[in-house]
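Student: I have the sequence and the model open. Please take me closely through one part of it, and set that part in its surroundings.

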Amino acid sequence: MRSMLDPTHLAAALVYSALGVAVFAVGFAVTDKLTPYDLWKELVEKQNRALGTVVAGIAVALGLIIAAAISG
């Protein structure tokens with residue numbers, strides 16, 4: 001059995017992590033474009049907690065989808 005600290009495992013983990021973060025960022029940008037208002041202004045300036053809960057749910061769902069797609 002190979003070690004988890006094998007350079008090929010570390011390289012693969014870094015590549016898949018970067019790919020996952022990139023896909024997550026694109027997914028979040030698409031979510032921001034699909035909403036009819038400025039998400040940042042609503043979340044930070046207006047303290048819209050309901051919208052924060054929705055955005056958190058979308059973030060968790062995107063993360064689960066990306067994790068499942070990367071792990072196979």
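Tutor: Start with the whole chain, which is a predicted model. Read along the sequence, the pattern is α-α-α. That makes three helices and zero strands. The C-alpha atoms fill a box of roughly 55 × 20 × 20 Å along the principal axes. The radius of gyration is 16 Å, whereas a compact globule of 72 residues would have one near 11 Å. Of the 72 residues, 12% count as buried. The chain exposes about 5600 Å², and carbon and sulfur atoms supply 72% of that area.

Now the close look: helix α1. It covers residues 7-34. At 1.5 Å a residue, its 28 residues should span 40 Å, and the end C-alpha atoms are 41 Å apart, so the two values agree. The buried residues of α1 are G20, G27 and T31. What covers them includes α3, residues 49-71.

Take T31, which is found in α1. Its relative accessible area is 15%; the cut-off for buried is under 20%, so T31 counts as buried. A polar atom of the T31 side chain lies 2.9 Å from the backbone oxygen of G27. A general point fits here. Residues three or four places apart in an α-helix point the same way, because there are 3.6 residues a turn.

For contrast, look at Q47. It sits in the loop between α2 (39-45) and α3. With a relative accessible area of 53%, Q47 is exposed. Its phi is near 55°, a positive value in a residue other than glycine.

Definitions and conventions:
Residues are numbered from 1 along each chain as its sequence is written. This is a predicted model: local features need pLDDT of at least 70, side-chain atom pairs count only at pLDDT 80 or more; totals for chains, interfaces and linings use all residues. Side-chain values use heavy atoms; hydrogens and water are left out. Helices (H or I, at least four residues) and strands (E, at least two) are DSSP runs, numbered from the N terminus. The expected span of a helix is 1.5 Å times one less than its number of residues. Buried means under 20% relative accessible area, exposed over 50%, partly exposed in between (1.4 Å probe, protein chains only). Contact means heavy atoms within 4.5 Å. A polar contact is a pair of N or O atoms within 3.5 Å; within protein, one must be able to donate a hydrogen and the other to accept it, and residues adjacent in sequence count only if both atoms are side-chain atoms. The radius of gyration is taken over C-alpha atoms; the globule rule is 2.2 Å times the number of residues to the power 0.38. Accessible areas come from the Shrake-Rupley method with a 1.4 Å probe; for residues, only the protein chains shown count as cover.
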